[in-house]
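Visitor: I should like to learn how helices, aromatic pairs, salt bridges and cysteines are read from a structure. Could we take them in turn?

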Amino acid sequence: MKRWSFVIPFPPTQNTYYRHVGHMVKISKKGREYRKDVISALMEQGLDGEKVKGRLDVSIVFVPPCNRRRDLDNFIKAPFDAVTHAEFWCDDSQIDIIKIIRCPKSKVGYLEFEIKEVGE
């Protein structure tokens, strides 16, 4: 069973990740910048373009940059899309198990991923 660990920047909220332009929904400027930051972080850790294909169990340590109230489910789509865009995995639909642990704030917020393959 393969395992991976990596850290990526703290994501924008789901509410700021997308923008409505007429009848279309697009990724916002903030969202596009976040994608680039995640790709850079994965490149630095040697994990961009990994293209993991199996079913996945993902644990996320959620470390916010401040004590503001946050709904954890509002911070999942942007990092999953960014990790997909970085081609670490083929698609976030491969994820069968998600566990999120909220930690106390840190001066610089981040997400720490622990991923293991659970099957094909």
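Guide: The discussion below proceeds feature by feature. Please keep in mind that this is a predicted model.

Visitor: Let us begin with helix H2. Which residues does H2 cover, and how far apart are its end C-alpha atoms?

Guide: The general idea is to compare an expected span with the one in the model. Helix H2 covers residues 29-44, and at 1.5 Å a residue its 16 residues should span 22 Å. The end C-alpha atoms of H2 are 23 Å apart, which agrees.

Visitor: Which residues of H2 are buried?

Guide: The buried residues of H2 are Gly31, Tyr34, Arg35, Val38, Ala41 and Leu42. Viewed down the axis of H2, these buried residues fall within an arc of 130°, so they line one face of the helix. On the other side of H2, the exposed residues are Lys29, Lys36 and Glu44.

Visitor: What do the buried residues of H2 pack against?

Guide: Their partners are both strands and helices: strands S1 (3-9), S3 (24-27) and S6 (110-119), together with helices H1 (14-17) and H3 (77-85).

Visitor: What follows H2?

Guide: Glycine 46 follows H2, and its phi is positive, near 70°.

Visitor: I turn now to the aromatic residues. What describes a pair of aromatic rings?

Guide: Two quantities serve: the distance of the centres and the angle of the planes. In this model the count comes to 10 aromatic pairs. One of them joins phenylalanine 6 and phenylalanine 88, whose ring centres are 5.2 Å apart. The planes of these two rings lie at 65°, and planes over 60 degrees apart count as edge-to-face, so the pair is edge-to-face.

Visitor: Where in the chain do phenylalanine 6 and phenylalanine 88 lie?

Guide: Phenylalanine 6 belongs to strand S1, whereas phenylalanine 88 is in the loop between H3 and strand S5 (95-102). The pair therefore ties together parts that are 82 residues apart in sequence. Both phenylalanine 6 and phenylalanine 88 are buried.

Visitor: How does the pair of phenylalanine 6 and phenylalanine 113 read, as stacked or edge-to-face?

Guide: This pair is stacked, with 4.9 Å centre to centre and 15° between the planes. The pair also links distant parts of the chain, since phenylalanine 6 is in strand S1 and phenylalanine 113 is in strand S6, 107 residues apart. Phenylalanine 6 has 2% relative accessibility and counts as buried; phenylalanine 113, at 0%, is buried as well.

Visitor: Which residues form one aromatic cluster?

Guide: The cluster is formed by Trp4, Phe6, Phe80, Phe88, Trp89 and Phe113.

Visitor: How many salt bridges are there?

Guide: The general idea is to look for opposite charges on side chains and then to ask where the partners sit. The count here comes to 5 salt bridges. In one of them, the side chains of aspartate 96 and arginine 55 meet at 2.6 Å, N to O. Aspartate 96 lies in strand S5 and arginine 55 in strand S4 (residues 55-63), so this pair ties together parts that are 41 residues apart in sequence. Aspartate 96 is partly exposed at 46% relative accessibility, and arginine 55 is partly exposed at 28%.

Visitor: What is the N to O distance between aspartate 57 and lysine 116?

Guide: Their side chains meet in a salt bridge at 4.0 Å, N to O. This pair, too, links distant parts of the chain: aspartate 57 is in strand S4 and lysine 116 in strand S6, 59 residues apart. Aspartate 57 counts as buried at 13% relative accessibility, whereas lysine 116 is partly exposed at 25%.

Visitor: Which residues are linked in a network of salt bridges?

Guide: The network links Lys77, Asp81 and Asp92. Within it, the closest N and O atoms of lysine 77 and aspartate 92 are 3.9 Å apart. Lysine 77 lies in helix H3 and aspartate 92 in the loop between H3 and S5, so their pair ties together parts that are 15 residues apart in sequence. Lysine 77 is partly exposed, with a relative accessible area of 33%, while aspartate 92 is buried at 17%.

Visitor: Finally, how many disulfides are there?

Guide: The count comes to 0 disulfides. For cysteine 66, the closest cysteine sulfur is that of cysteine 103, 15 Å away and too far for a bond. Cysteine 66 is partly exposed at 28% relative accessibility, and cysteine 90 is partly exposed at 44%.

Methods:
Residues numbered from 1 in each chain as written. Predicted model: local features only at pLDDT ≥ 70, side-chain atom pairs only at ≥ 80, totals over all residues. Heavy atoms only, no water. Helix = DSSP H or I, 4+ residues; strand = E, 2+ residues; numbered from the N terminus. Expected span 1.5 Å × (residues − 1). Buried < 20%, exposed > 50% of the residue type's maximum accessible area, 1.4 Å probe, protein only. Arc of directions from axis to C-beta. Contact = heavy atoms within 4.5 Å. Phe/Tyr/Trp six-rings, centres within 6.5 Å; stacked < 30°, edge-to-face > 60°. Disulfide = S-S within 2.5 Å.
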